[in-house]
Amino acid sequence: MSISVDHVKATEILFSESAAAANETLPEIAAVWQDRVKQLGSLCPHRKSSTTIAALGTAILAKATDQRVDVYSLLDRGEADRSYSARSLADNVLARHRARLEIDLGARGTNPLNNTPFIGKTRIDEISGVRNREGWAYFMDLMEQLRDLPGSAEARLALRGFIAARRRALIATIDVAPQLGDNLSVGTLTNAISEYAIAESEGGRRAQACAAGLLDAVFGPERVVVGAINDPDRRAPLDIAVRSLRNDFEVAFEVKDKPISDNHVLSSAEKTFLDHGTTNLVFLGVSSRQVYQDFSEAELWGSARGIKVTIFVNWLSFVMACKCFAPVKREVFEGIVSRSIVARGGELGVRRQSLEEFVLKIESGSSVDVSGKIAPHRDSPGKL
């Protein structure tokens, strides 16, 4: 029987072992695996069988999460004993968090196992004809040693060694002062966000990063799940979702920098409820071309079905709502948001130059007033 690896648990283990790899002297097993992974990296450098790095890391994480898995599995096959979806685990856990944790997986795409010779295969031990024979032979030796580890505890140590061996910043980090944004008023922050998101979309990444940064200040980044842009296998609802303490999704947000309509809200709400069962849905329409309209039909449709639909059509109303419900902390709300927007933008692939421009804007404490470009608040036509 196939195994469904718990991605939430896998994510928790990945973050835990990443912290341990950075803060502790490596135990013997972890140190041994660190050396092994470094050797594999030498034999399989970038563009020369480097996908083996991602495949090994995925298999280690799978066994650390559930020791029953067949480490050679690539696809979940119901009739195959102990098979699991390595592709899904790689896409939704390792690839999704590698930038934040600074782990070089060798393969740099959002789907790291969709490369030759792994693509189209169901098992690793059935792959043949690899040109890099020395590297492949060593990789298969490591897979055999992983298979023979007695349990998840040892696999977690192997994961710690893997992370220690592959930890590196592929993109230089942006220098952000720890007090960035602390001197802003909420109005100045709102104008900075509005101008930044309106200036260029970058495929929706800018608006999504801004919304995620605001939600980080409300719920904490550990609860805010940000989906990759154009993710066809999204496990979380809409663009951004917030986990409850029970690890289900208590509220989901769709961020659109294109005009939204009643029909769009209805269809998206219906699909989200059917796919994920989420009943608290928020739509953030922040296009400069968004026109005032009444969304009461969509709201009433949701109410009749036990679905709460909330719609924001400008940044100011959303920023003020987030500030209202953010917990009172010693840190300044505007500063938390500013710094988190930069971090989320980096994760989503916002261009480095535009992130640097946003930082300069926040540091200057001034921005162009773009209130006239933002769609009016639905309850106050003609005003920001």
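Helices (H or I, at least four residues) and strands (E, at least two) are DSSP runs, numbered from the N terminus. The exercises below use a predicted model.

**Exercise 1. Place Pro117 and describe the peptide bond before it.**

Task: In which loop is Pro117 found, and what kind of peptide bond joins Thr116 and Pro117?

Solution.
- Step 1. Pro117 is found in the loop between α4 and α5.
- Step 2. The bond joining Thr116 and Pro117 is a cis peptide bond, with omega about 5 degrees.
- Step 3. For background, most peptide bonds are trans.

**Exercise 2. Describe the surroundings of Ile127.**

Task: Is Ile127 buried or exposed, and which residues does Ile127 touch, not counting residues up to four places away in sequence?

Solution.
- Step 1. Ile127 lies in the loop between α4 (86-101) and α5 (133-147).
- Step 2. The cut-off for buried is under 20% relative accessible area. Ile127 has a relative accessible area of 8%, so it is buried.
- Step 3. Leaving out residues up to four places away in sequence, Ile127 touches Pro117, Phe118, Lys121 and Trp136.
- Step 4. Pro117 is 10 residues from Ile127 along the chain, and their C-alpha atoms are separated by 7.0 Å.

**Exercise 3. Compare backbone and exposure at Ser49 and Glu102.**

Task: What is the sign of phi at Ser49 and at Glu102, and where is each residue found?

Solution.
- Step 1. Ser49 is found in the loop between α2 and α3. Its phi is positive, about 65 degrees, although Ser49 is not a glycine.
- Step 2. Glu102 has its place in the loop between α4 and α5. Here phi is also positive, about 55 degrees, and Glu102 is not a glycine.
- Step 3. As a general rule, most residues other than glycine have a negative phi.
- Step 4. The partly exposed class lies between the buried cut-off, under 20%, and the exposed cut-off, over 50%. Ser49 is partly exposed because its relative accessible area is 24%. Glu102, with a relative accessible area of 29%, is therefore partly exposed.

**Exercise 4. Describe the nonpolar cores.**

Task: How many residues has the largest nonpolar core, and which helix gives the largest share of this core?

Solution.
- Step 1. The largest nonpolar core has 52 residues, and those with the most contacts inside it are Leu56, Leu61, Ile124 and Phe139.
- Step 2. At least two residues of this core come from each of α1 (7-23), α2 (28-43), α3 (51-65), α4, α5 and α6 (152-166).
- Step 3. The largest share, nine residues, is supplied by α3.
- Step 4. Not counting residues up to four places away in sequence, Leu56 touches Trp33, Val37, Leu40, Phe139, Leu142 and Met143.
- Step 5. A second, separate core has 45 residues, including Val186, Val226, Leu355 and Ile362.
- Step 6. In soluble globular proteins, nonpolar side chains tend to be buried together.

**Exercise 5. Work through three further loop positions.**

Task: Classify Ser244, Ile260 and Glu331 as buried, partly exposed or exposed.

Solution.
- Step 1. Ser244 is in the loop between β2 (240-243) and β3 (249-256). Its relative accessible area is 5%, so Ser244 is buried. Beyond residues up to four places away in sequence, Ser244 touches Arg223 and Glu250.
- Step 2. Ile260 is found in the loop between β3 and α9 (262-276). A relative accessible area of 4% means that Ile260 is buried.
- Step 3. Neighbours within four places in sequence aside, the contacts of Ile260 include Val265, Phe283, Gly285 and Ile311. The C-alpha atoms of Ile260 and Arg246 are 14 residues apart along the chain and separated by 32 Å.
- Step 4. Glu331 is in the loop between α11 (315-325) and α12 (333-348). With a relative accessible area of 46%, Glu331 is partly exposed. From C-alpha to C-alpha, Glu331 and Val291 are 36 Å apart, with their positions 40 residues apart in sequence.

**Exercise 6. Assess the whole protein.**

Task: What radius of gyration does the protein have, and what value would a compact globule have with 384 residues?

Solution.
- Step 1. The protein contains 13 helices and five strands.
- Step 2. A compact globule with 384 residues would have a radius of gyration near 21 Å; the protein has 23 Å, which agrees.
- Step 3. The C-alpha trace spans about 70 × 45 × 35 Å along its principal axes.
- Step 4. Of the 384 residues, 52% are buried.
- Step 5. Among contacts with a separation of 6 or more, 74% are between residues 24 or more positions apart.

Methods. Residues are numbered from 1 along each chain as its sequence is written. This is a predicted model: local features need pLDDT of at least 70, side-chain atom pairs count only at pLDDT 80 or more; totals for chains, interfaces and linings use all residues. Side-chain values use heavy atoms; hydrogens and water are left out. Buried means under 20% relative accessible area, exposed over 50%, partly exposed in between (1.4 Å probe, protein chains only). Contact means heavy atoms within 4.5 Å. The radius of gyration is taken over C-alpha atoms; the globule rule is 2.2 Å times the number of residues to the power 0.38. A nonpolar core is a set of buried Ala, Val, Leu, Ile, Met, Phe, Trp, Tyr and Cys residues joined through side-chain atoms within 4.5 Å.
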